[in-house]
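Please set out the salt bridges of this structure, with the location and the solvent exposure of the side chains that take part.

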Amino acid sequence: MPRTYLITGAASGIGKATAARLTAQGHTVIGADLQDADIVADLATPEGRAHLVRRAAELSGGRLDAVIACAGLAGFAPRAVSVNYFGAVATLEGLRPLLAAGTAPRAVAIASVAAVHPHDPAIADAALAGDEEAALAAAQAAVDRGEGHAIYGSTKAALARWIRRTAVTADWAGAGIPLNAIAPGTVVTPMTEPLLAAADMRTIVDATVPMPLHGHAQPGQIAPLLAWLTAPENELVTGQVVFIDGGADAVVRGDGTW
């Protein structure tokens, strides 16, 4: 049965590939992004987040069957905190009422294998406390001491923790709405291509995210997992961070945590 999806970050990368896959299957996809989308919104800002929710309600007729929060930023800028964590959380929380009106509603966010790397607790803890100003200040402090590289992983660690704690609440599991995250390894997208183009950065990326199974991923290889997690067939998987990383997590963490 055709479903109605909303995907943020739909103009490129994983979001674009997932939108294309779902559209080809006959579903309706409402895309949101900074440009070239049904909803043009900047999720780094409260105004952009509110606009997303308002337009989603208008375009969907007040009901969504699935939400996939793909919008994100790499790099060492504090702005990544506002998009990767606060933008994703605002998307999921803001659209939850539309999901509650949908059929077999499902939601997924994009975390990262970087979520299990060492990160800045000040950034993650402030984000989880809902204090965007403090999280941004902590990110800027990281930049000032030459540790801006920790920002991305910190935002994804915070998002993964938010998914775990939120998925089992009355508003989600109690309302019959599975909520999960996926944790990709290195995916070749417009966001990562500049890093991978520089030999020295590519070496660092491959050292921190080793992917013994087939190497770097393409967005189209990630889309099928997102499609399944947001399909009616997913009746029991919730509160999970599903690694789709070519084995990177298994290499980095081994079996010591099991």
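The report below deals with charged side-chain pairs, where they sit and how accessible they are.

The model is a predicted one, and the count of salt bridges in it comes to 9. Among them are the three pairs listed here.

| Pair | Closest N to O distance |
|---|---|
| Arg-49 and Glu-132 | 2.9 Å |
| Arg-145 and Asp-120 | 2.7 Å |
| Asp-249 and Arg-253 | 2.6 Å |

The side chains of Arg-49 and Glu-132 meet in a salt bridge. Because Arg-49 belongs to helix H2 (residues 46-60) and Glu-132 to helix H5 (residues 132-144), this pair ties together parts that are 83 residues apart in sequence. Arg-49 is buried, at a relative accessible area of 11%, and Glu-132 is likewise buried, at 18%.

Arg-145 forms a salt bridge with Asp-120. Arg-145 lies in the loop between H5 and helix H6 (150-167), while Asp-120 lies in the loop between strand E5 (106-110) and helix H4 (121-128), so the pair joins parts that are 25 residues apart in sequence. Arg-145 is partly exposed, with a relative accessible area of 44%, whereas Asp-120 counts as buried at 7%. Both residues also belong to a network of salt bridges that links Asp-120, Arg-145 and Glu-147.

Asp-249 and Arg-253, by contrast, lie within one element: they are 4 residues apart in helix H10 (residues 248-253), which means that about one helical turn separates them. Asp-249 is buried, with a relative accessible area of 13%, and Arg-253 counts as partly exposed at 34%.

Terms used:
Residues are numbered from 1 along each chain as its sequence is written. This is a predicted model: local features need pLDDT of at least 70, side-chain atom pairs count only at pLDDT 80 or more; totals for chains, interfaces and linings use all residues. Side-chain values use heavy atoms; hydrogens and water are left out. A salt bridge is a side-chain nitrogen of Lys or Arg within 4 Å of a carboxyl oxygen of Asp or Glu. Helices (H or I, at least four residues) and strands (E, at least two) are DSSP runs, numbered from the N terminus. Buried means under 20% relative accessible area, exposed over 50%, partly exposed in between (1.4 Å probe, protein chains only).
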